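I set out to look up the internal space of this model and then the surroundings of its ligand. My entries follow in that order.

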Amino acid sequence: MKKMNIISFLSLFLSLVFSIATASSDLGLYPGYYDRVCPEALPTIKRVVEYAVAQERRMGASLLRLHFHDCFVNGCDASILLDQTSTIDSEKNAAPNANSARGFEVIDKIKLEVDKVCGRPVVSCADILTVAARDSVVALGGPSWNVKLGRRDSTTASRTAADANIPSPFMDLPALIKNFQDQGLDEEDLVVLSGAHTLGFAQCRTFRDRIYSDTNIDPAFASHLRTICPQVGSESSLAPLDPTPGSFDVKYFTDLVSKKGLLRSDQALFNGGKTDELVSEYNGDQNEFFEDFAESMIKMGDIKPLTGNRGQVRNNCRKVN
Ligand code: HEM
């Protein structure tokens, strides 16, 4: 009888341990994911990002955008990093990314350094994108936040989904709201995450319609931009998305309030609609912008991650293992 009790206790104990172990492999994302397996992973990512940003401040903007364009296409799974092959329809060739998305070499470098310091490929490319986005924002004077980790990498990519899901600069407010809603993000996320346009540049082809045909634009601002972006040609000429493209600040929102949003989709956030109030609030309160931006970045990083044994940890971010 006593023996029986010990056996049944043991089997109960073992099944409990087993179920906890199974559950913990599927806990979802959490900040300490690499703490034991590779404590040097995060400092290494930060070091490479800081070096890249010191070489070229715009790289911080480009890395932040890569994470966004990854998450909006079937979740944050590094699908944007896969190169074209006979079986991979690379997202790099989708309209919003072609001749536009950049920073892939920096991600390659991070992956190389991280795998070296960890001694084996344990850090996913999707997590590298997420951490690099945060470290870029910090390097350019923005807020910091605890990045949740444990994403795995996709084995597929979809150019079609990238074309369909990444928002276009020609969208009006209802279309932008719907686009974000489809990703589980609300109007506040839309406004605050658009604040990422406090960094970086856009090409003439993305703002030409706005500077030649829109009426909700400051006339002097439009005429200055017409010198950079003629009606024909100069497709890739760059204009900054706000007056301080290398600093994470509230000037993007200041611009919107004075009808100096560069993209049509930027000005749509302050154009007499329901998001006007929030734009004005962020313009007047950097702390609130920083806090809400951090919160929404965590929310965006939570879009459909691959966890547990779904997907894989790639050896090379550009290729499926
Ligand atoms: C709300 C809808 C959005 C639209 C329509 C949009 C569109 C664009 C466009 C057209 C460009 C210029 C690309 C080029 O000319 O090559 C751009 C640049 C950029 N976008 Fe967005 N974007 C949106 C939201 C976001 C979000 C949510 C983030 C990040 C959280 C982001 C981060 C950036 C950054 C940092 C740049 C500058 C990149 C660089 O200089 O390399 N954007 N965006």
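**Cavity and ligand shell**

I began with the largest cavity and noted a volume of about 60 Å³, a cavity being a set of points, on a 1 Å grid over the protein atoms alone, where a 1.4 Å probe fits but cannot get out; the volume is the space filled by probe spheres set on the points, which are joined across faces, edges and corners. The model is predicted, with pLDDT of at least 70 needed for local features and 80 or more for side-chain atom pairs, while totals for chains, interfaces and linings use all residues. Residues are numbered from 1 along each chain as its sequence is written, and side-chain values use heavy atoms, leaving out hydrogens and water.

For the lining (residues with an atom within 4 Å of a point), I listed His67, Trp145, Lys148 and Met297 among others. α14 supplies the largest share, three residues, where helices are DSSP runs (H or I) of at least four residues and strands (E) of at least two, numbered from the N terminus.

I turned next to the ligand, which has 26 residues around it, Arg58, Ser62, Ser100, His197 and Gln203 coming nearest; near means that a heavy atom lies within 4 Å. A polar side-chain atom of Ser62 is 2.7 Å from a ligand oxygen atom, and a polar backbone atom of Phe201 is 2.9 Å from a ligand oxygen atom, polar contacts being pairs of N or O atoms within 3.5 Å.

I noted that α3 gives the most to this shell, five residues. Domain 1 (41–166) and domain 2 (173–299) both contribute to the shell, so the ligand lies between them; the bounds come from an automatic or database domain assignment.

Definitions and conventions:
Polar contact = N/O pair within 3.5 Å; in protein donor to acceptor, adjacent residues only side chain to side chain. 1 Å grid on protein atoms, 1.4 Å probe; cavity = no way out; pocket = protein on both sides within 12 Å on 5 of 7 lines; lining within 4 Å.
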